[in-house]
Amino acid sequence: MADHHHYQLVGSAPELYQKYLVPAIATKWAEDLVGRAQPRAGEAVLDIACGTGVVARLAGKRMVQGHVTGLDLNKGMLAVARTLPSEGVPIEWIEGSALDLPFPAEKFDLILCQLGLQFFPDQGRALREMRRVLSPSGRVAISVFSPIERTPGANAFVLALDRVLGPNASKIKRAEHSFNAPDELKALFIDAGFAEVEVQTVMQKIVFPSVVDYVRFQLLATPMAVLLSDRTEADRQAAIKAVASETASFSDPEMLEGGGFSFGQEAYIGTARTTG
């Protein structure tokens, strides 16, 4: 995601992402998204920007028959996804772009996309591609983060990044929060030809053992790893500690109770159907 077009991880980052960020953040949102979408027995389900596959595995676990496909541009994420056990229906992992889905028309009954749409360089095209590969009775569920100010932990972190690492250091993190209002997501659905569009604002409570843990994972297990990639290990650890200290200073006291780091994280979750 060096150009902010795609969420790219290199080196050991995909493994660290799966180990630390999936349990703390991604799993909570995945359970919410799959719960709203309600995959049914016998359906063909596509998880776009699947990462290490938390949504795909949760969907597959709920289904007694059918098939799940996980699609992502990132080889490293898919490599981790393929090593993880899954329950329920089979899952196929495919490398490909959301802007040019490598599937025929009307192949899927349900499409899921968790916290990925904000990274796509052409969001309208991605939605049109989703509609193309959905069956006439198909449905879609998508989540995106709301403005970063609505997620206090992330907001404190970006303020700290800019103070410690320079004024543009937070650019990658801020790109995760490019949607300013629910209506922006709704408009994308409608413009792509979807019907019965609903967008809800949802909050999850995120808990990390400490501010240092949160900052370490952000700077080592996400595309922000590029910020420290040219530093020695000692310099990396010093930077992490400095950013963590500043993050704490920008945080409300209740976020730091008991030595931990907890905060509400807000997202918009949109659901729609191919036809009304």
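This is a short walk through two helices, two pockets and two loop residues of a predicted model.

**Helix α3**

Let's start with α3, which covers residues 75-83. Its buried residues are Met77, Leu78, Val80 and Ala81. Looking down the axis of α3, you'd see these buried residues fall within an arc of 160°, so they line one face of the helix. There's a simple bit of helix geometry to keep in mind here. An α-helix has 3.6 residues a turn, so residues three or four places apart point the same way.

What do the buried residues of α3 pack against? Their partners are the helices α1 (13-37) and α2 (54-62), along with the strands β2 (66-72) and β3 (91-95). Turn to the face of α3 that points away from its buried side, and you'll find the exposed residues Lys75 and Thr83. One more detail sits at the start of α3: a side-chain oxygen of Asn74 comes to within 2.9 Å of the backbone nitrogen of Gly76.

**Helix α4 and Arg128**

Next up is α4, residues 123-133. Buried here are Gln123, Gly124, Ala126, Leu127, Glu129, Met130 and Val133. The cover over these residues includes β1 (43-48), β4 (108-114), β5 and α7 (182-191).

Arg128 belongs to α4 too, but it is partly exposed, with a relative accessible area of 46%. Leaving aside residues up to four places away in sequence, Arg128 touches Asp122 and Ala192. Ala192 is 64 residues away from Arg128 along the chain, yet the C-alpha atoms of the two are separated by 5.0 Å.

**Two pockets**

Here are the two pockets side by side.

| Pocket | Volume | Most lining residues from | Lining by class |
|---|---|---|---|
| Largest | about 230 Å³ | β7, four residues | six nonpolar, two polar, five charged |
| Second largest | about 180 Å³ | α2, four residues | three nonpolar, two polar, four charged |

Which residues lie nearest the centre of the largest pocket? Out of 13 lining residues, those are Arg36, Val140, Glu196, Thr271 and Ala272. The elements that give two or more residues to this lining are α1, β5 (134-145), β6 (195-208) and β7 (261-273).

The second largest pocket is lined by Thr27, Glu31, Val54, Arg57, Leu58, Lys61, Pro85, Ser86 and Glu87. Here the elements giving two or more residues are α1 and α2. That puts α1 on the list for the largest pocket and on the list for the second largest one. You've also met both α1 and α2 already, as packing partners of the buried residues of α3.

**Two loop residues with positive phi**

Last, a look at the backbone. Most residues other than glycine have a negative phi. Gln38 is not a glycine, yet has a positive phi of about 50°. You'll find Gln38 in the loop between α1 and β1. Leu115 isn't a glycine either, and its phi is positive as well, at about 50°. This residue, Leu115, lies in the loop between β4 and α4.

Are these two buried or partly exposed? Gln38 is partly exposed, with a relative accessible area of 41%. Leu115, on the other hand, is buried, with a relative accessible area of 14%.

How values were computed:
Residues are numbered from 1 along each chain as its sequence is written. This is a predicted model: local features need pLDDT of at least 70, side-chain atom pairs count only at pLDDT 80 or more; totals for chains, interfaces and linings use all residues. Side-chain values use heavy atoms; hydrogens and water are left out. Buried means under 20% relative accessible area, exposed over 50%, partly exposed in between (1.4 Å probe, protein chains only). The arc is that of the directions from the helix axis to the C-beta atoms. Contact means heavy atoms within 4.5 Å. A polar contact is a pair of N or O atoms within 3.5 Å; within protein, one must be able to donate a hydrogen and the other to accept it, and residues adjacent in sequence count only if both atoms are side-chain atoms. On a 1 Å grid over the protein atoms alone, a cavity is a set of points where a 1.4 Å probe fits but cannot get out, and a pocket is an open set with protein on both sides within 12 Å along at least five of seven lines; lining residues have an atom within 4 Å of a point. Grid points are joined across faces, edges and corners, and a volume is the space filled by probe spheres set on the points. Ala, Val, Leu, Ile, Met, Phe, Trp, Tyr, Cys and Pro count as nonpolar, Asp, Glu, Lys and Arg as charged, and the others, Gly among them, as polar.
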